[in-house]
Each structure stands twice: as C-alpha cells, then as structure tokens.
Amino acid sequence: MVLETLALQDSGAVEAEPGDMRQNVEPPTAKQSSRSGPVSPSNLAVAALALTTAACGGGGTSSGTPPGPGSTAQARKPQSDAEAAQFILRASLSVSTAEIANIKSVGFEPWLDAQIGAQIGQTGIAWLASRGFDQVTAANYFDNEYPGDYMIWNQLMTGSNGVRKRIALALSEYFVVSLTGLNFAWRSQAIAHYWDQLNARAFGNFRELLEDITLNPAMGYFLNTQGNRKEDTRTGRQPDENYAREVMQLFTIGLYQLNGDGTPKAGANGQPTETYTNDDVTNLARVFTGYDWDFTGNVDTLAVGSTTRKIPGTGYVTKAMTSDFTKWRSPPSSSQHSALAATFLGTSVPANTDATAALKIALDALFNHSNVGPFFARQMIQRLVTSNPSAAYVTRVANVFNNNGTGQRGDLRAVFKAILLDDEALAPATRTDPRFGKIREPMVRLVQWGRTFGALSTSGNWNIGNVSDSASRLGQSPLRSPSVFNFFRPGYVPSNTMASANGLVAPEFQLVNETSTSGYVNYMTTAIGSANGINNDVKAQYSAELAIAPDAAALVDHVSLLMAAAQLSDSTKAVIRQAVEDVVVTASSPDSEKLRRVYLAVLLVMASAEYLVQK
Amino acid sequence: MHIGKLNEISRRAFLHRSSQLAAAGAASSWAMGLAGIGEAAAFSPGTDYKALVCIFLYGGNDHNSMLVPFDSANYDLYSAIRGGGPGQTAGGITPARASLAATVLAPPQGQVLTNDIQYALAPQMTRLKARFDQGAMAPMLNVGPLIVPLTLDQYKSSNLVANPRPAKLFSHNDQQSTWQSSKPEGATDGWGGRMGDLALSSNSNALFTCISATGNAVMLSGTQALSYQVSSGGAIAVNGIKRSLYGSSKGSAALNTLMTQAHTHVLESDYNTVAKRSIDAEGVVSAALSQVSLATSFAPAVGRNRLAEQLSIVAQLIAARQPLGVRRQVFMVSLGGFDTHDRLPQDHPGLMDTLDFAMDAFYRATLELGVADKVTTFTASDFGRTLASNGDGSDHGWGSHHLVMGGAVAGGRYYGTAPQISLNSNDQVGQGRLLPTTSVDQYAATMATWFGVAPSELPSVAPNIGRFATSNLGFLG
C-alpha cells in the first residue's frame, strides 16, 4: 500500500498509465456512486421526500414521523420571534428575519420539510472547478490543502441549504475525515467529495451513508482501507485494523452494549459489557482488505515545470474505492482481499467470500446492531440541541432510527426531524433550565456571523483558511479535526466545574481553555471590525444593521435575536447598549461611525456567555 | 435548579467515592489513599523547586521503531516479523541494521536484558543517545496501564473479578485517559493533577501548579488543582480589554464585564470562569515572562518543531518560577501523529527527530537555567503498537517503551523488563501487543516520590500502587 500513496505524493517519476480502453469508459458521476443501483433505498427515499414536500403545505401526513411527540409538533407554530429563531438556529447555520416570519406563518415541521426538500445547490467539487482549482497549473493545487479550506468556507458561508449543510457539518463530526494530513494528489477535491457525500446523504439512509463513507477515497486514506492488503502467512503481515476498529467504536456501535436510551447495559457483576473484543477487530479487518482507489479512465498530466511527475486526473478522489484490482493505479496480479473466514459480533463471513459480498455482510451486521440507534441519536442531539438530553429524548429519537414509522431503519430524514421537533427541544423550559443547551462550536459561530451579516469574499476564494490555532484563531476549523475522535468527545467532562459537580458532560468544553477564550474574542474582534475583513478578503456588509444603528436598543435587540435567539438577558443587553451608545450616532452620521456601533453590538453579543451557550 | 444542590451533590459524590474505596477492602491501597484527601501538607517547607514534564505522544507511539533490537540475533527476529530486507537491510517497517549503529544504547556498567537484547534508538535520535551516554536519559521498558500484575494466563482468564484489567484496552481516547488518570474517557482527574493537589499549599500561586502547553487533557486536573493552559507564545491577552474596543473605552469595559460576570446557567458559569481566569492570570504570567531571558534555541535548523515550541514556553515558565510563586509544578506538552497504521517508514522517523530535538533542547535549557536536576521529563502515549506489521504500519497495542530524562535521572541504563521479540511469547497478548510488565502506577509513583509525595500519600496519586511489588522503580535515584 505504500506504492500507490508514494506514487501520488512524491515528486519523483511515476510510471505512466498505459493508455487503454478504460479511458473511453465514462466514469460514474460524483453524485451517483457506481454501486448505487437505480432502485437503492436512498433513491426511494429521495422520491418519497419529494412527494412529502409537495404534500406538506396542506399539513398532510409526513413519512418518517411516527405518532407521538412529532404529530403534535406538526401543527405547532413558534409563538414568538425568539422561539422561531431558537428552532432555526439549531436546524440551520443562521437565521434571518424573513425566515422567522416564514416559520411563524407555516409552523415548525412544514418549514423544516421545505428546507429538507430544497434542491441541493452547488457542490464543493463544482465550486472548486468553477474557481479553476481542478487545473494542473504552476500553483500545484493538487498538492495543497488550502483550496479545501476555501471550499468548505464557501459552502458554509454562502448559498441555500442551510439546514442540509448544518446536518452535514454535524455528520462530519461523527464520520470524521480530516483535511489535515491528507497527503495525496487532489486532497482538496477529496475532502470536497467527502463533504458533498455527507450533504447528499444527510437525509438519506444511514446504511447507504455508512457504505459511502467506508469506500470514500479520503476516508480510505485517513483510516487506511485504501491499499489495505490481506494477510501474508509467509511474512506474518496482518491486515490493517484501523478502519475495522473505528467503524465499530465511532461510526456504529460504540464500546459498550447500550440500552435503548443510550445508557450502558449493566452486565454480570453490574459492570458495562463491551461490545467487541480484539478478536472481533482482527476478524473484521479482513473484510476491509483488498480496496484501493479507482483509477478508471484516468489521464495523467505532467506537473508544470516537471518532465517526470505525472499528476493523475481528479476523478479518482471522487469515485468509491474498488476491490476490482484491475482498476487500481498499479494493478497487482491478484485480489488483495482476504480469503479467510471472518467472525465478528456473532456474524460470520465464510471463507472465500468476495469483497463486495463480505462488505455487505459486515455493514449490514453493524447497521442492524441495536446500539446504532441510541449511539447515533445521542450524539446528533448533542451536536444540534443539548449536551445532556434526557434518556427519554434519546429513546424517542433512537426509536425513530430503528423504525421511521413505515418500517424503514436508519432513515436520517426522520431521525433529524425527530431530534429537532422533539417536545424536549421545543419546550419553553429549554430557555430557563440552567443545565439545558450546549456551547456553540467556534466554527459554527463564525459561519453564523458570516451568513447573518452578509459576508462577501473580495477575491471570491473565501480565504478564511485553517483557523485551528486556538491562540490566534478559533481553535477549530471545519473538516480539520485533529483525529477521527473529533474535536471533542461526547463524554467529555471538564474538571472542577459546575458541569462536573452536577454530573453533566460538556463535549465542546474540551475546546475551552485560558488560551481559546481570549483567542476567540481577539479573532472575532478583527473579523467583525477590520477595514478589509478576514485575510483582506472576507468582510461582512451589515446593511440591515447600518440602517438601525442610530437606535441602539433596536440594534442590540436585532443582533440578540439573530445571533442568540433573543436569549440575552436584560442586564446583558443593557451593558451592550450602553457601550453602543458611547459612539454618538444620528441618522445623518457617516457609515464609518454607524459601523462602529454595529461592530460593538456584534462583538459584545458574540463574546457574552449567554450567546456562547446555545439554549 | 440543580445549582443550589451543588454542595450537596459534591458531598454525596465524595461519600459515594469513599464508600467505593471502603468496599475495595482494607488490603486495597485505596483505603490508604483516603489519608491524602483533603490534606495538603505533602511537601516539607522550603524554597526548593521541582517540576515534572509529561510529553504525551498522541496516537500510540510505535515503540518498536523508537527502540529497535540491534544485536544480530534479535534484529533478525525483528526483521523477519517486520518485513526487513535480506542481509539486515531495510524493508517493510524495518530500518537497516547498519543505520542503527550510531544510536546503540550500551549501558557503560553493562546490563543483561531478556535474550541478551541490545537496543538502538531510532537513527534520528542521536541527541538523546548522547544524553543516555551522559547518564541523563533512561528507557523504561514495557510500561502500560494495569490494575493488578497480570500473567498471560490471567489475562486470558474469564474471571475478571480476580484478574481485573483496564477497561477499553486498545481504544485511543480511553487509553489516553487511562494512562493519564487510571480511568477511561470521562475521568476528571489525572495523576499529574493529583500530585498537584498535594502541592497546592507549597505554591503561593496555586493556579500555576499544573500548566498545560497543549490542549485540554485530564492529566493535569486534580480534585482541586486546575489545569491552567498557556499557548506556545505565553498567556493570551484580550486585545479589546487591554486597549479600547473599536475606539471605545466603554466598549472595552463592557467586554470585560461580559467575559467575567457570573451566571446561573451551568455552562455559562463554567465558560466565564475560564475566561475570567484567563484575563486575571494573563497579566501575572506576561509580567513574569517579560523578565525571562533564555539563550537556548528551540528552533530547528529547518522548519518548525511544535513540540519544541511548547517546551520553550515551559522552560520560560520554569525560569519565571519565583515571580510566579511556585515550588512544585507539573507540565504537559504533546506531539501528535503517532497513529502509524500506514506510512510508518515515511512518518515515524520525522516524529522521532522532532522528539529528539525538542527533548534535547529542553534539557539544554534546564542546564542553562541551572535546574537540570530539578526538572524531570518523561514520555507517555495512548499505547504501544503491534510488533506484527500490516505491510507499512502497525496496529494498536498495550505496553510500550518510554523515555525519562533529566539531571535527576539515574540514566545510562534500562529500567523494567525487555519483552521478547516474538509474536507468541507469554509477554504479549497477540501480534506482539505487549502485556505490560511495569504499570503506569509504578511509573507515576516513582516520579511522585521524587517530587516529594510521601509514601502514605502515593495511593492518592497512583490508585493501584498497593497491588504492585514496588512503588519506586529506581530511575530517579
């Protein structure tokens, strides 16, 4: 597996792919993987979705929501701007006054259905191409990560599909691939395709998404399925265990047998029971052998200025990895898939099962494990609504995962609707319970700022870059988790805090420390109010805010509503208003003075704990 | 509504824990550990100084590539398992034997290890080889988390009550936590922080007892001691508070108010507690660091060394120990990238070079500051890795080799028991995943003893220590 990787990342000579008939074969498109048949469950789900969307204006029944809390929520409408904003800020990346009016008119569920049903806009891959980042030029885009950062900021800061992208971002923190360390040609396209797949499958079926992710070219590199070879009894070489372990621990079943509410099952002697042993890992590892990138139809191009370095086309990072070794960059003489039997979690793959059939058996077994519903449900609730959901809330969402009401398991559309429309999420108590909510993730804050205040990119590149540094930037950058364990762990308990004393977890608090609290405010101070914007490129317009800047109270209320769902206390708003009024402004004042008011209002809201904790 | 019950909840948690301790039985070291809780007279009064510095290697270091068998017989066994080339040349994940000649660690006093194995450091680690020869560095062989000593038969036993083992072995996040705290993910205190608990009263500014120059980790949190975080550049000031905010001094005052005011919501309260601590401490730390002059360079000849950058700020903080008001400190720094399932021959040498340069630079700094014998640096990691190869990498293991360095280290020799170079010996649990022969509790207790923790208080730092033959492995005199 070294060879394929080296061939792409090193500047040394690379064997030319002999021109052959494969070049004439039209590769599958990015959106439709070669494995998806025309009648796959996800395609059915898409069709059903369209029907549902069409029907929901009349309040018709919605597939995916079983009787219970959801059915009462369907008729429910926000009773205030604050309730509307609270809901939208969980479901989406930002909120506008127009959307607040809309959801107050149509109600929570119809609004959500319309958002879910909206056509997917420009993909990350298409955007990279539109900016020329798919071209072999002297800039060697293929060797750089920065187009990937441009891509994701463009995706998050612009365009429609706020709900779909918010869900995809949550999924990117569950099925984690990190751009950091993707060391192969066209890494930015690879992370874009991964992002595009999360977007495309966000409201599809978990089983389909699991397979997409398993065979995703970037994931293949990240967790080493790409180039993973079968055992060699002569040399003692073993299959790589990385994906086998993490697909169980992180993507499907977790470490402990779970009850339906996500709590560990007590086994004999009262201790939790582990879901798998190391033997399960070494056996399952055999299933993920024999895969590599699919170079079907590849045409190399010489790197600019090189007479030897052949750069493959971008196609291989947008196609599912394949066990058909004739499609690999350097085809071996035989299959690299293990022929050994594999037994894991009580499931057996017989000896000599081909790779595709073995994968189906394995992913089906993982998908159908009773842990998946509560394991996934709890973490998605944590990402979108609250760090400490009740057992009953987890149970309700897990039940929807297990059965969407029409017998389908793993219907993500139904799962995310159940999370957002649950009584526990919509209850007025969410705004007063001192334990409810979660810390807004730093990257979500920046995206919310950009979308809310009309940020534009002067260059068109959305040059925000990698903002992972906590001392000078956000301490978190989208699609740049430090490892597959995400930026923070779902069970993280900050030491010596009120949270720990009250028995609460606070995952996002893993990013909070004496450096990051200052670093974040400093970064936002510049982002919000510098003359030329972030990196002299990304700058907010504040057009609506300029118009109301002379009225300090109105300005603060407006920013409080759009950023914090009007959850700032009167005393906090008073502190901010007094600071804003320190800049004397009338309707005829120059914009530069009005902007100072806006900057103060936005920064002070974003620095306040009542904003930082999303309730 | 739960706020008012805070004290009650804390008290109940304490009682619950106490009853758990009691239930463990009088023979258990836990019972002794109670003696240390709430008492803070661990260290004798005085003006001496000691610091421990944990270098955490995130991802699970391939210890087999950091300490490689060099004697011909064991090298050949290693090469056969790890795909080496013919005639002791490089191949698979095996370096050429000749490349190891300059970094052989030969104890000047002579030391016979298992199967007469001789080790060499990774070829990049020439600086630490020199420190070994000077007696300032020692490898600790096959150390890992254990609850009780375990033989292979006991490990295989289904009687987990008689033969308890750490939970969630081989899992990154849980074994990181277990190494640092003796408990899997979700733990709230680690052994660095528990040492810090005992040191709090020795320091006039308790906040600077436990300092992390890397991200949040449980290692440095105690039951009372806080983990204070600094960046490689020092403490970060809030610019909008130091100066006016968008030209407004009222704006600046408002920002200060909003970042530091108390809240009733649990998470809001906790967030502002950290922000306030950051603002309060920044002035003290920045003022103290401004007086420091340190000539030692932490910059490599080429590129950046992020571990050295972290150790640079640690060295500066140690230099500023008097204005900071500290006598006992525990620090943590880290280096990531060790999860070498793939590309081990490409990636691991660079990591070893980074580690070698950074540890050596830090040691040079302690020499310059005249505190080399007062500062002990040690490595830790999620776990070791398989001796077996998957072609171009290795997989998650358990026991691992580690390095201890400093003027107080009785270096120039090995500690612990060398494992056999084998995939089926009784010191490993499959594919060369080492069954630890030394526990992390022993590793921690040895350092705690040097740090000044009394024998009676060791169990509060290393909860399982009473189950092991010795609490002092001897590498610190």
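## Helices in chain A, totals for chain B

In helix 4 of chain A, the residues that count as buried are Ala82(A), Glu83(A), Ala84(A), Ala85(A), Gln86(A), Phe87(A), Ile88(A), Leu89(A), Arg90(A) and Ala91(A). Put as a count, ten of the eleven residues in this helix, which spans residues 81–91, are buried, leaving helix 4 of chain A mostly covered. Keep in mind that this is a predicted model.

Further along chain A, there's a helix pair to look at. Helix 24 (residues 552–564) and helix 26 (residues 591–607) of chain A have axes that come within 10 Å and cross at roughly 40°. Helix 24 of chain A is therefore oblique to helix 26 of chain A. As for handedness, the crossing of these two helices of chain A, 24 and 26, is right-handed. Here is who does the touching:

| Helix of chain A | Residues in the contact |
|---|---|
| Helix 24 | Ala552(A), Leu555(A), Val559(A) and Met563(A) |
| Helix 26 | Arg597(A), Val598(A), Ala601(A), Val602(A), Val605(A) and Met606(A) |

Sorted by class, the contact between helix 24 and helix 26 of chain A comes out at nine nonpolar residues, one charged and no polar. The charged one is Arg597(A), from helix 26 of chain A.

Now over to chain B. Its secondary structure runs to 16 helices and eleven strands. Chain B has 477 residues, and 60% of them count as buried. The accessible surface of chain B is about 16300 Å², with 53% of that belonging to carbon and sulfur atoms. And if you take the contacts in chain B between residues at least 6 apart in sequence, 73% of them join residues at least 24 apart.

Definitions and conventions
Residues numbered from 1 in each chain as written. Chains lettered and ligands numbered in written order. Predicted model: local features only at pLDDT ≥ 70, side-chain atom pairs only at ≥ 80, totals over all residues. Heavy atoms only, no water. Buried < 20%, exposed > 50% of the residue type's maximum accessible area, 1.4 Å probe, protein only. Helix = DSSP H or I, 4+ residues; strand = E, 2+ residues; numbered from the N terminus. Axes fitted to C-alpha atoms, helices over the stretch in contact; angles between N-to-C directions. Parallel < 35°, antiparallel > 145°, perpendicular 65-115°, else oblique. Left-handed = near helix turned anticlockwise from the far one by under 90°. Contact = heavy atoms within 4.5 Å. Nonpolar A, V, L, I, M, F, W, Y, C, P; charged D, E, K, R; others polar. Areas by Shrake-Rupley, 256 points an atom, 1.4 Å probe, with all protein chains shown as cover.
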